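Hi everyone, thanks for coming. I'd like to walk you through a structure you may not have met yet. Have a look at it on the screen, and then we'll go through it piece by piece.

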Amino acid sequence: MALPDSFASSIGWNFDNSYRRLPSEAFSPAIPQKVPAPECVIFNSSLAEEMGLHFDKTASEKIALLFSGNEIPHGAEPIAQAYAGHQFGGFNMLGDGRAILLGEHLDQSGKRWDIQLKGAGRTPYSRRGDGKAALGPMLREYLISEAMRALGIPTTRSLAVVRTGERIERATALPGAILTRVAQSHIRVGTFEFFAAREDRVALQKLTDYTIARHYPPLVESSNRYPLFLKEVIIRQAELIAQWMLVGFVHGVMNTDNISISGETIDYGPCAFIDLYDPATVFSSIDHQGRYAYGNQARMAFWNLSRFAETLIPLLGETTEEGIAVAEEQLRRFSSAFENRWLCGMRQKLGIANEEKEDRDLFQELLRLMNEQHLDYTETFRLLSRPETQNHPTFQRSDFLLWKKKWEVRLSRQSSSQTDSSKSMRRHNPVVIPRNHLLENSLQEASEKNDLRAFHRLLEAVTTPYEKRWEGSEFSRPSSEDQSGYQTFCGT
Ligand code: AMP
Ligand code: MG
């Protein structure tokens, strides 16, 4: 049902649904299933403002109708997108099984925003799933995606979570909910794999040209645009993973259908942040082999990008051999792009302003010490950021004192003062990350008792992660209990 124009214009919807102009196999029209009792749980008004949408005079009931899919905004033309994906290494044809794209909203500056309802009911791609989502996992995505944003990491955003009034069947019956996810686009590596698998070169080229125009517009006019597009995607992905590593983020399900071509972090299912530094950390209950372990993420990103490059081979050269050669040449850029971004981030975390070749060794040695001494990753960097905590008992072991000496000598070989260094460190080392025990507790309160207070407190902390006011608070510390068995689930 479309809303009257007067309502649409007061909110400022401005849809231009360009994805629907792609070959028709790329999507299926899909209408969100009506829900019995929509109720707004959380609404991101600052994001709405950023998108040029004005909800300040809109009643919460109206917001709930819109972001449950019970009312379709003026100009939206909902679809489910088709895609494929390598899931834990195995190839499958997939698609939005529980997400419906309302459309693309253009803000006043011309920026395009995909607006998607996650958990809006069955689509032609639902397979055996019910198309629904539970409140806990949707609030989890809301909080972690907004935390990533506050940490300065490219990510999809969360505009709203609405309860549906239904209970959905999982291991137990859970309150149903819909998350409104906002993204530069939902084009994935898996979207390209979908077209490549159909061996329709014309459609593949259309998708590629469309994606270049949407995400890499300076390349549109280039005669060499396909290799350059591949290069840019590789670099953005490498830099994204480096940023994950720097804050201790474990995505948990880096299947190719969960890798965005725009370079945003997408699909917050079983993700979580490490506390103790350990590259082998795996949280996801289904990741038995540690395929997507914290320390394996760069390797898996490279694997995913290799699958992406393969889809482009027909466009990369006159012959397959030529296409493969171009793909390989571009893929070789990954490791230095990753390494450079990571080194740059580690220098910032340790207050180092200039580059030296041996920096990498200094960083690796610190990480090794953290690993051996079971130190909390976030807290260690934060303690090092303040002169008054640099002599914390944590750092009194002889090997740590030795490392600190090396670090101090390293700092003395640059022009910036100790004060500037510490200041810069505090800008790059968050006090707050979404701590697993706090997040779980807040989701439980929300889900089981309909009490959102803990969730809101945590949200405030994780969206202002560098603020001094959190130092020494519960948000800054790891759990006092052993978290070694902590597990996450794929939110389905
Ligand atoms: P994910 O691991 O969350 O990226 O999901 C993998 C695929 O399963 C995607 O195509 C989803 O749309 C689909 N899917 C996940 N949960 C459901 C569900 N409850 N109903 C239908 N499809 C689902
Ligand atoms: Mg997914």
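**A walk around the model**

Let's start at Ile266, which you'll find in the loop between E9 and E10. Before I go further, please keep in mind that this is a predicted model.

So, is Ile266 buried or exposed? It counts as buried, because its relative accessibility is 1%, and the cut-off for buried is under 20%. What does Ile266 touch, if we skip residues up to four places away in sequence? The list is Thr156, Arg181, His186, Arg188, His251, Asn258, Ile259 and Ser260. For a sense of scale, take Gly323, which is 57 residues from Ile266 along the chain. The C-alpha atoms of those two are separated by 29 Å.

Now step along to Asp267. This residue also has its place in the loop between strand E9, residues 249-250, and E10. Its backbone caught my eye. Most residues other than glycine have a negative phi. Asp267 isn't a glycine, and its phi is positive, near 75°. Asp267 counts as buried too, at 17% relative accessibility.

Asp267 brings us to the metal. Which protein residues are the donors of the magnesium ion, ligand 2? They are Asn258, through OD1, and Asp267, through OD, and they lie 1.9 to 2.2 Å from the ion. Like Asp267, which is buried, Asn258 is buried, with a relative accessible area of 8%. And remember that Asn258 is one of the residues Ile266 touches.

Then there's ligand 1. How many residues surround ligand 1? The count is 18, and the closest are Gly95, Gly97, Asp130, Gly131 and Asn258. A few distances to go with that. Gly97 has a backbone N or O atom 2.7 Å from an oxygen atom of ligand 1. Asn258 puts a polar side-chain atom 3.0 Å from an oxygen atom of ligand 1. For Asp267, an N or O atom in the side chain is 3.2 Å from an oxygen atom of ligand 1. So you'll see Asn258 and Asp267 twice on this tour: as donors of the magnesium ion, and again beside ligand 1, Asn258 at 3.0 Å and Asp267 at 3.2 Å.

**Domains and core**

Let's zoom out. The domain assignment of the protein chain gives domain 1, residues 5-185, and domain 2, residues 190-342. Their C-alpha centres lie 23 Å apart. Where they meet, 36 residues of domain 1 are in contact with 42 residues of domain 2.

What about the inside? In soluble globular proteins, nonpolar side chains tend to be buried together. Here, the largest nonpolar core has 147 residues. Those with the most contacts inside it are Phe55, Phe67, Leu139, Val161, Phe229 and Leu350. Helix H7, residues 225-247, gives the most to this core, with 13 residues. And where does the core sit relative to the two domains? It lies between them, because domain 1 and domain 2 both give residues to it.

Let's pick Phe229 from that list. Leaving out neighbours within four places in sequence, Phe229 is in contact with Phe192, Thr208, Thr211, Ile212, Tyr216, Leu219, Ile261, Phe308 and Leu312.

**A few more stops**

Next, Ser285, which lies in the loop between strand E10 (272-273) and helix H8 (297-316). Ser285 is buried, with a relative accessible area of 17%. Its contacts, again leaving aside neighbours within four places in sequence, are Gln487, Thr488 and Phe489. Cys490 is 205 residues from Ser285 in sequence, yet the two are 8.1 Å apart in space, C-alpha to C-alpha.

For contrast, try Glu321 in helix H9, residues 320-331. Glu321 is exposed, with a relative accessible area of 60%. Tyr268 is 53 residues from Glu321 in sequence and 37 Å from it in space, C-alpha to C-alpha.

Over to Thr389, in the loop between helix H12 (377-384) and helix H13 (398-412). Thr389 is buried at 13% relative accessible area. Outside its neighbours within four places in sequence, Thr389 is in contact with Arg382, Leu383 and Phe395.

Last stop, Asn450, in the loop between helix H15 (436-449) and helix H16 (453-462). Asn450 isn't a glycine, but its phi is positive, about 55°. Asn450 counts as partly exposed, at 45% relative accessibility.

That's the tour, so over to you.

Conventions:
Residues numbered from 1 in each chain as written. Chains lettered and ligands numbered in written order. Predicted model: local features only at pLDDT ≥ 70, side-chain atom pairs only at ≥ 80, totals over all residues. Heavy atoms only, no water. Core = buried A, V, L, I, M, F, W, Y, C linked by side-chain atoms within 4.5 Å. Buried < 20%, exposed > 50% of the residue type's maximum accessible area, 1.4 Å probe, protein only. Helix = DSSP H or I, 4+ residues; strand = E, 2+ residues; numbered from the N terminus. Domains from an automatic or database assignment. Contact = heavy atoms within 4.5 Å. Donors = N, O, S within 2.8 Å, 3.2 Å for Na, K, Ca; no water. Near = heavy atom within 4 Å. Polar contact = N/O pair within 3.5 Å; in protein donor to acceptor, adjacent residues only side chain to side chain.
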